[in-house]
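Let's take a walk through a protein chain together, one stop at a time. Have a look at the model first, and then we'll go through it piece by piece.

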Amino acid sequence: ARDLSNRIKEVDTAISRCTETANHIKHFADLRECLSTIDKYLEDKNLDKCCESIHRLIQIPESLLTPEDSIKIEKSRKTTLQLLEEFEKSDDPVKVFNYFTQIDAHDEGIIQFANVQHQKILDEINDDRMHLHQLPPASSTDDSRAPHVEVYVKLLNSISSHILSSLLPLSDAGQFSVFIRILLEKVDGRIEEIITMYSEYRKLAELECRQASEMKLTVIDLVNDEISIFAHQFALFEKFLGQKISKGIDSPYFKNYRFSFPTALKTGLPRNTASVRSIQEILAQYSVLTQNYILVVTSKLLKTVSLMEGTNEVTDAIDDLFFVFQRTLNRSITTHSASTTCTLFNVITGIIRDNLMISIRSQKKLKPNDVNGKYGIQINAFEVVSVYLKKLTELIETTITKQFSSDDLMAIQSGLQDLKTCGSQLDDELSNQFNEMTKIL
């Protein structure tokens, strides 16, 4: 048995040596054949044959190559790369990318593939961009939708579409994630450009410095809508990108790639980009404009409440107030900006606590037995505000849990708690008023 075992080992060793010898013979045959034909393929610019030959050559172990062989292979590879650069505008970018992969030029292939997709995106929105450049600034009374919004959405959709269409050729998760990052760095300036053109078109810098009383409310409301769309679409765009990049974020290829922008550790998205800064800038302007809009609208309604001239008039004014509160809060939540939403919570809480309640309490010296007069209107106002405040907090609480998470959600819930505190204080005051009225009756 021991003798049989030794003989089997000898046979295995012989087979292994034969296989190794056969591989060496094949490598030598590939080496001689490819080196003798590569110059002709390069001269004819035959990419199929060039890349096939380079692919075969780089599979040969270095131990079998002479220094002259290594030099010629590397020279041929560089020449092939130069030829591939001439095919950047090829009708079949996937085929060209596969050429790069064949000759082990993954970085160059992904960059060129990203260049091709970038150019396609530019071609798709070029006419729209040129049109935006030719537009004069909008007048302060122009309440028609700015065309920049549609072009902006079209650009983000185009980028997303080209990313999805690249998923099949870039089957490697790490390479796909790197491709997305490279493409984002290329389109970053275009996203910023449209936002900047919009800001100049609407003259946002001037608009936020104007007195609230000088503004046309329909225009301010429209501008706030437009900015919220910019922010909302960008937030959805980043969410989509994060989902796609996450598939290759842990790959060594992605981790070792040197990007132009720093990388967010959790999402893999680029940080401190021009597009992110431009979104943050118009959101700051949005915050100012929204506060101005609320102050103008609510001041007229608060005056109606303070007069206490009739139950219907006061109820309608309170109804309109909470409609404005709900609409502006919902709009701010859609921006996905926690800081913007928290700021608006503070503004609305202040209006309810420091303005609305004071407007109602201003009639507190009225006699409690005047139930059918202004005291009755006051009690009704307290009750209507209490009902609307509960509905508002419940609706907003449901909405924010769908839009925010972690630290952002906690910050916004803190602002919501201030509204709830107002509601509790209002319930206590309403209870005291009813008790006082009950004693009189």
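**A walk through the helices**

Let's drop in at Thr349, which sits in helix H13, the stretch covering residues 338-361. Keep in mind that what you're looking at is a predicted model. Is Thr349 buried or exposed? Its relative accessibility is 3%, and buried means under 20%, so Thr349 counts as buried. Setting aside neighbours within four places in sequence, Thr349 touches Gly415, Asp418, Leu419 and Cys422.

Now zoom out for a moment. The chain has 15 helices and 0 strands. Of its 441 residues, 46% are buried. And what about contacts along the chain? If you take those between residues at least 6 apart in sequence, 77% of them join residues at least 24 apart.

Back to H13, and on to a helix it meets. The axes of H12 and H13 come within 9 Å, crossing at roughly 165°. Angles over 145 degrees count as roughly antiparallel, so H12 is roughly antiparallel to H13. The crossing of H12 past H13 is left-handed. On the H12 side you'll find Leu321, Phe322, Phe325, Thr328, Leu329, Ser332 and Ile333, and they meet Thr340, Thr341, Leu344, Phe345, Ile348, Ile351, Ile352 and Leu356 of H13. Sort the residues of this contact by class and you get 11 nonpolar, 4 polar and no charged.

H12 has other partners too. Take helix H11 (residues 274-307): its axis and that of helix H12 (residues 311-334) come within 9 Å and cross at roughly 170°. H11 and H12 are therefore roughly antiparallel to each other. H11 brings Tyr286, Thr290, Tyr293, Ile294, Val297, Thr298, Leu301, Leu302, Thr304 and Val305 to the contact, and among the H12 residues that take part are Val314, Ile318, Leu321, Phe325 and Arg331. This time the classes come out as 13 nonpolar, 5 polar and 4 charged.

Then there's helix H14 (residues 374-403), whose axis comes within 10 Å of that of H12, with a crossing of roughly 15°. Angles under 35 degrees count as roughly parallel, so H12 is roughly parallel to H14. H12 passes H14 in a right-handed crossing. The contact of H12 with H14 has 16 nonpolar, 8 polar and 1 charged residues.

One residue from the H11 side deserves a closer look: Tyr286, in helix H11. With 1% relative accessibility, Tyr286 counts as buried. Which residues does Tyr286 contact, leaving aside its neighbours within four places in sequence? They are Asn224, Ile227, Ser228, Thr328, Arg331, Ser332, Thr335 and Thr340. Pick out Thr340 from that list: Tyr286 and Thr340 are 54 residues apart in sequence, but their C-alpha atoms are 8.4 Å apart in space.

Next, head for the largest nonpolar core, which has 100 residues. The ones with the most contacts inside this core are Tyr152, Ile159, Phe179, Ile191, Phe230, Phe322 and Phe325. Which helix gives the most to it? That's helix H7 (residues 173-202), with 14 residues. For a view from inside, try Ile191: not counting residues up to four places away in sequence, it touches Tyr152, Leu155, Leu156, Ile159, Phe234, Phe237 and Ser275. Apart from this core lies another one of 14 residues, including Ile38, Cys50, Cys51 and Ile54.

While you're in that area, find Thr37 in helix H1. Thr37 has 23% relative accessibility, so it counts as partly exposed. Thr37 and Cys50 are 13 residues apart along the chain, with 8.9 Å between their C-alpha atoms.

Let's finish with two loops. Most residues other than glycine have a negative phi. Lys45 has a positive phi of about 55°, although it is not a glycine. You'll find Lys45 in the loop between helix H1 (2-44) and helix H2 (47-58). At 47% relative accessibility, Lys45 counts as partly exposed. Asp104 also has a positive phi, near 60°, and is a residue other than glycine. Its spot is the loop between helix H4 (93-102) and helix H5 (106-134). Asp104, with 45% relative accessibility, counts as partly exposed.

How values were computed
Residues numbered from 1 in each chain as written. Predicted model: local features only at pLDDT ≥ 70, side-chain atom pairs only at ≥ 80, totals over all residues. Heavy atoms only, no water. Helix = DSSP H or I, 4+ residues; strand = E, 2+ residues; numbered from the N terminus. Buried < 20%, exposed > 50% of the residue type's maximum accessible area, 1.4 Å probe, protein only. Axes fitted to C-alpha atoms, helices over the stretch in contact; angles between N-to-C directions. Parallel < 35°, antiparallel > 145°, perpendicular 65-115°, else oblique. Contact = heavy atoms within 4.5 Å. Nonpolar A, V, L, I, M, F, W, Y, C, P; charged D, E, K, R; others polar. Core = buried A, V, L, I, M, F, W, Y, C linked by side-chain atoms within 4.5 Å. Left-handed = near helix turned anticlockwise from the far one by under 90°.
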